[in-house]
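Here's a quick tour for anyone meeting this structure for the first time. Have a look at it before reading on.

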Amino acid sequence: RDIAACFRYRHFALGALAMFLFEPVECGICNMVNLYLTAEGTPAYAGAVVGGAMVSAYCALMMVGRFAAGVFGNRVSPRTMIAAAAVLCIALLLAAANVPFTKVTVPFVAVAVPLSALLMVACGVGIAVMFGGIFNLATEGLGRLVPVASGITMSLVSGGALLAVVGCVADRFGILSSCYVFVALLGYILVYCLFLAKPVCR
């Protein structure tokens, strides 16, 4: 009964969808970076060690983003933080998909890495901000239903299963084409936080 009651709140239902769609973005970007850098026989190939280092860099930037969100969270609304992070990540992903192939030397791996990979790694800072913000917007105004709503949103990390769709796009059109899938998912999250997150009970 409480589960059904949660979904009577439109902003929660749409926020739950945002959480579901967020997971393939969070996990998928670093996965595609690794695949891009370890695809043998391609100009982007840099080896498994470099691919792993870039994934570690992505995770490190996510940690930086989480700390920043913690510091500014009491001064900046979740809506503003998510919107800024989504716009940043969309811009980085579009740049990664369209920038001419160029290699840049990265000091901590001492190897030249495609600029597109670095742009995707940089998304880690913005991605880290979104999880908590989506949760806050989705559960706002639910009162006694918040514990149940929390369980629902946590279960929706199963959205990571959509990585199979991202993989199909990458296989068919090229790894960097997956950036457009991430942009579409982030576009929904941006629309949700700006226009759909106002608490409404149907």
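Let's start on the surface: Val191 counts as partly exposed because its relative accessible area is 37%. This is a predicted model, by the way. Val191 sits in helix H8, and together with Leu194 and Phe195 it makes up a nonpolar surface patch with about 290 Å² of accessible area.

Helix H8 (178-196) turns up again when we look at helix H7: along with H2, H8 is among the elements covering the buried residues of H7. Which residues of H7 are those? In H7, which runs over residues 163-173, the buried ones are Val166, Gly167, Val169 and Ala170. These residues lie on the same side of H7, because they span an arc of only 160° around the axis. Turn to the face pointing away from that buried side and you meet Cys168, Asp171 and Arg172, which are exposed. Just past the end of H7 comes Gly174, with a positive phi of about 110°.

Now for the aromatic rings. How many aromatic pairs does a search of the whole structure find? It turns up 2. One is Phe7 with Phe12, an edge-to-face pair with 5.3 Å from centre to centre and 65° between the planes. Phe7 is partly exposed at 32% relative accessible area, while Phe12 is buried at 0%. Then there's the tilted pair of Phe22 and Phe131, with ring centres 6.2 Å apart and planes at 55°. Phe22 belongs to helix H2 (residues 10-37) and Phe131 to helix H5 (residues 115-139), so this pair ties together parts 109 residues apart in sequence. Phe22 is buried, with a relative accessible area of 0%.

Charged side chains link parts of the chain as well, and the count here is 2 salt bridges. Here they are together:

| Salt bridge | N to O distance |
|---|---|
| Asp2 and Arg144 | 3.3 Å |
| Glu26 and Arg66 | 3.4 Å |

Asp2 is in helix H1 (residues 2-6) and Arg144 in the loop between H5 and helix H6 (146-155), so that this pair links distant parts of the chain, 142 residues apart. Asp2 is partly exposed at 29% relative accessibility, whereas Arg144 is exposed at 62%.

As for the other bridge, Glu26 lies in helix H2 and Arg66 in helix H3 (residues 48-72), so the pair ties together parts that are 40 residues apart in sequence. Is Glu26 buried or exposed? Glu26 is buried, at 14% relative accessible area, and its partner Arg66 is partly exposed at 41%.

Conventions:
Residues numbered from 1 in each chain as written. Predicted model: local features only at pLDDT ≥ 70, side-chain atom pairs only at ≥ 80, totals over all residues. Heavy atoms only, no water. Phe/Tyr/Trp six-rings, centres within 6.5 Å; stacked < 30°, edge-to-face > 60°. Buried < 20%, exposed > 50% of the residue type's maximum accessible area, 1.4 Å probe, protein only. Helix = DSSP H or I, 4+ residues; strand = E, 2+ residues; numbered from the N terminus. Arc of directions from axis to C-beta. Contact = heavy atoms within 4.5 Å. Patch = residues over 30% accessible without salt bridge, like charges linked within 9 Å, V, L, I, M, F, W, Y side chains within 5 Å. Areas by Shrake-Rupley, 256 points an atom, 1.4 Å probe, with all protein chains shown as cover. Salt bridge = Lys/Arg side-chain N within 4 Å of Asp/Glu carboxyl O.
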